Amino acid sequence: MELIFATNNLHKLKEVQSLLDNKIKLRSLKEIGCAEEIPEDYETLKENAAQKAHYIFDKYNINCFADDTGLEIDALNGEPGVYSARYAGEPCSFEDNMNKVLEKLQGIENRKACFKTVIALILEGKEYYFEGQVNGEILTEKTGIDGFGYDPIFKPEGYDLSFAQMSLDEKNKISHRARATKKLVEFLKNR
Ligand code: IMP
């Protein structure tokens with residue numbers, strides 16, 4: 001089966017690719033000639049994931065899925081949440097976003113946070129959703145160089161390493177996106 005992953009983020013593509021079995025052939029947006037920025041205009045992860053998947057399905061008429069992810073920090077009342085990509089304003093880099101989080105948490109003891117992912121799949125015109133979450137905490141400084149986004153400041157519960165200190169395989173054992181992707185794979189296997 002061929003599926004498009006509606007993302008321009010090569011890190012996400014790599015993470016998800018390594019979780020799919022060889023019955024699912026993942027194609028990138030580049031392969032179908034889609035170079036545009038995919039909109040995400042809503043205020044929930046689910047709506048944004050659905051919007052991204054619909055954008056590709058409606059335009060290219062091809063089975064596809066998209067994910068939307070947010071980092072929710074307890075002491076910041078769930079911020080940056082659905083605004084994780086543009087927390088420090090637009091345009092902004094991963095560094096800008098991490099710096100903003102670190103500044104806002106300066107002197108705060110409660111560093112609990114979680115990553116949440118929602119995957120929206122559109123298969124033959126029908127929508128399906130898969131969710132994944134990982135709990136952890138925000139470190140006091142950036143640690144590690146791998147991964148992307150907030151990985152250098154997020155340490156998953158039960159581990160002594162940040163996501164950015166983990167190999168792709170290690171992150172994929174526990175991450176929000178991996179948990180949602182595994183549910184997607186199970187669903188596709190059983191239909
Ligand atoms: P998106 O809208 O799903 O692309 O995710 C919003 C933002 O969350 C991204 O720009 C990243 O900064 C961050 N993000 C998403 N997934 C991860 C992850 O696995 N690790 C760290 N940050 C992530």
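1. The largest pocket is lined by 31 residues, with N9, K12, E40, A85 and F94 nearest its centre. A pocket here is an open set of points on a 1 Å grid over the protein atoms alone, where a 1.4 Å probe fits, with protein on both sides within 12 Å along at least five of seven lines; lining residues have an atom within 4 Å of a point. Its space comes to about 790 Å³, counted as the volume filled by probe spheres set on the points.

2. A word on the basis: this is a predicted model, where local features need pLDDT of at least 70 and side-chain atom pairs count only at pLDDT 80 or more, while totals for chains, interfaces and linings use all residues. Residues are numbered from 1 along each chain as its sequence is written, and side-chain values use heavy atoms, without hydrogens and water.

3. By class, the lining of the largest pocket holds 11 nonpolar, 11 polar and 9 charged residues. Strand β3 gives the most to this lining, 5 residues; helices and strands are DSSP runs (H or I, at least four residues; E, at least two).

4. Now to helix α3 (residues 94-104), whose buried residues (under 20% relative accessible area, 1.4 Å probe, protein chains only) are N97, M98, V101 and L102. Seen down the axis of α3, these fall within an arc of 135°, taken from the directions to the C-beta atoms, so they line one face of the helix. They pack against β3 (64-73) and β6 (126-138).

5. The second largest pocket has a volume of about 180 Å³. Helix α1 gives the most to its lining, with 3 residues.

Note on methods. Buried < 20%, exposed > 50% of the residue type's maximum accessible area, 1.4 Å probe, protein only. Contact = heavy atoms within 4.5 Å. Nonpolar A, V, L, I, M, F, W, Y, C, P; charged D, E, K, R; others polar.
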